[in-house]
Amino acid sequence: MRAQPQASHFINGAYVEDTAGAEIDVIFPATGEVIAKLHSATPAIIEQAITSSLAAQADWEAMTGTERGRILRRAADIIRERNHDLSVLETLDTGKPYQETSVADATSGADALEYFGGLAGSLTGEHIQMPDGDFVYTRREALGVCVGIGAWNYPTQIACWKAAPALACGNTSIFKPSETTPLSALKVAEIMIEAGAPAGIFNVIQGYGDVGAALVTDPRVAKVSLTGSVPTGRKVYAAAAEGMKHVTMELGGKSPMIVFDDADVDKAVSGAILGNFYSSGQVCSNGTRVFVQKGIKEAFLKRLSERLEGAVIGDPLDPETSFGPMVSEGQMNIVMNYIEKGKEEGARLAFGGARIDGDGFYLQPTVFADVTDDMTIAREEIFGPVMSVLDFEDEDEVMARANDTEFGLAAGVFTNDLTRAHRVVAGFEAGTCFINTYNDAPVEAPFGGSKASGVGRENSKAAIEHYSELKTVYVRLSDLEAPF
Ligand SMILES: NC(=O)c1ccc[n+]([C@@H]2O[C@H](COP(=O)([O-])OP(=O)(O)OC[C@H]3O[C@@H](n4cnc5c(N)ncnc54)[C@H](O)[C@@H]3O)[C@@H](O)[C@H]2O)c1
């Protein structure tokens with residue numbers, strides 16, 4: 001199986017290569033096969049990307065929002081037309097089942113391009129009346145060159161969630177995908193040109209962390225948006241602060257999901273499956289600490305095990321497969337270590353817990369019961385298919401325990417008592433909350449984290465504030481006096 005792109009980078013409307021850059025092997029996680037070989041960006045490539053992005057910015061911003069929006073919406077349409085091919089590529093790159101990529105990856109990217117394309121024509125400043133005829137107006141201006149740095153779990157979606165609002169606001173965008181999943185962002189860049197985008201407004205360059213760091217520290221870059229882990233976020237945020245750059249940080253989590261004993265058990269089990277095993281558990285907002293009220297704990301665990309037996313584990317390109325491999329051997333080993341820690345620290349293995357034999361990086365969906373708050377598996381982000389089930393007695397106790405974490409990305413509650421549901425979400429220290437559902441992330445709704453899980457919001461109108469700034473203009477029509 002080969003998925004070799006024309007070249008590693010896409011700059012100024014064309015594929016570009018520089019074989020002097022460190023090699024990047026792209027591996028199909030289901031088989032371990034190398035499907036493409038790319039090169040990390042050299043300083044010369046980084047320079048080309050920034051120069052082209054800077055050169056394109058003023059003319060792009062000078063277009064009307066409606067014109068910019070039309071191009072983004074055309075790109076969305078092309079992505080939808082090619083959803084099958086793009087989804088196959090995403091599956092090869094990430095190992096996620098086609099059953100998922102065909103509905104949640106390219107389509108989610110297209111949603112962002114369509115939504116922000118639609119908003120672009122309506123972006124305005126405001127008029128503020130002052131006494132004696134004076135007034136203030138604000139101009140909503142682009143920031144300049146915006147850098148996006150991606151994680152490997154949703155490569156197309158992350159590229160589009162960062163590029164679409166940036167471009168809608170008149171910025172240009174440089175995207176560095178994760179070195180683990182570099183393929184699909186190149187396709188997005190190709191499609192932008194096909195949709196009529198001027199060369200240079202969306203450049204993609206590959207590379208390891210050092211390429212990301214070079215982009216973040218370049219004084220010509222105005223804004224950095226990172227999707228990645230908290231440790232990387234701390235480094236990138238600090239480097240951006242040095243240059244007083246705007247940032248959006250979409251980082252990791254260890255989110256709680258609380259199931260009260262009046263909840264519909266089957267729906268709660270569905271929520272727990274969606275919030276732990278979609279994308280083989282490689283989702284930042286996953287509700288990996290599932291607090292189940294004591295009265296329904298055994299019923300919940302029994303139903304969960306029955307439902308997990310129904311997971312179809314296999315070739316992710318087969319549309320029947322519902323559970324694929326981990327993205328890489330390294331990530332599989334990290335998760336295996338956590339599973340061992342869970343056993344050592346006394347959690348009860350209720351389901352799975354083993355690697356599946358073969359060349360691919362497959363793990364079983366895994367559930368630990370009788371987990372306590374101090375266990376490593378209940379404190380650290382695992383980023384794999386490992387659910388921790390914890391017991392609780394009452395609401396006050398579970399709220400304190402749910403919030404006792406440095407993370408604050410997401411949180412969910414399952415209950416049939418609506419008053420309690422709203423009280424509980426108001427008490428969650430998290431940016432994105434769910435009632436009787438888990439992990440829905442439509443483009444119309446803000447998405448992001450509190451506490452160590454992030455800064456800023458992606459999607460929705462809220463993202464506009466993070467990709468533009470207001471210039472204030474005071475206009476005096478009254479007499480102007482001075483003390484001397
Ligand atoms: N909140 C969200 O929206 C969201 C979404 C997906 C994933 N994530 C998080 O991402 C993590 C998994 O992804 P990962 O392993 O690719 O994360 P990571 O932090 O290892 O890498 C993220 C990106 O940062 C780059 N990078 C690494 N060091 C850098 C540096 N010093 N300067 C600039 N860039 C640097 C990497 O090359 C990669 O492209 C998990 O913690 C997950 O929760 C968050």
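**Figure 1. Residues around the ligand in the predicted model****.** In this predicted model, the shell around the ligand holds 29 residues, of which Gly209, Gly212, Gly228, Glu250 and Gly252 come nearest. Two elements give two or more residues to this shell, namely α8 (209-217) and α9 (230-242), and the largest share, four residues, comes from α8. Sorted by character, the residues of the shell divide into eleven nonpolar, 13 polar and five charged.

**Figure 2. The ligand between two domains****.** Domain 1, made up of residues 9-252 and 453-471, gives residues to the shell around the ligand, and domain 2, residues 256-435, does so as well, so the ligand lies between them. A UniProt annotation from an unreviewed entry, "domain: Aldehyde dehydrogenase", covers residues 16-473. Within that span, which is 40% helix and 21% strand, the end C-alpha atoms lie 43 Å apart.

**Figure 3. Helix α9 and its two faces****.** The 13 residues of α9 should span 18 Å at 1.5 Å a residue, and because the end C-alpha atoms of the helix are 18 Å apart, the computed length agrees with that expectation. Gly233, Val236 and Ala240 are the buried residues named in α9; seen down the helix axis, the buried residues fall within an arc of 75 degrees, and they therefore line one face of the helix. An α-helix has 3.6 residues a turn, so residues three or four places apart point the same way. The face of α9 turned away from the buried side carries Pro231, Ala238, Ala241 and Glu242, which are exposed.

Conventions
Residues are numbered from 1 along each chain as its sequence is written. This is a predicted model: local features need pLDDT of at least 70, side-chain atom pairs count only at pLDDT 80 or more; totals for chains, interfaces and linings use all residues. A residue is near a molecule or strand if its C-beta atom, placed from the backbone, lies within 6 Å of it. Ala, Val, Leu, Ile, Met, Phe, Trp, Tyr, Cys and Pro count as nonpolar, Asp, Glu, Lys and Arg as charged, and the others, Gly among them, as polar. Domain bounds come from an automatic or database domain assignment. UniProt positions are given in the numbering used here, feature names are shortened, and annotations may be inferred rather than shown by experiment. The expected span of a helix is 1.5 Å times one less than its number of residues. A residue is buried if 20 or more other C-beta atoms lie within 10 Å of its own, exposed if 12 or fewer, and partly exposed in between; C-beta atoms are placed from the backbone. The arc is that of the directions from the helix axis to the C-beta atoms.
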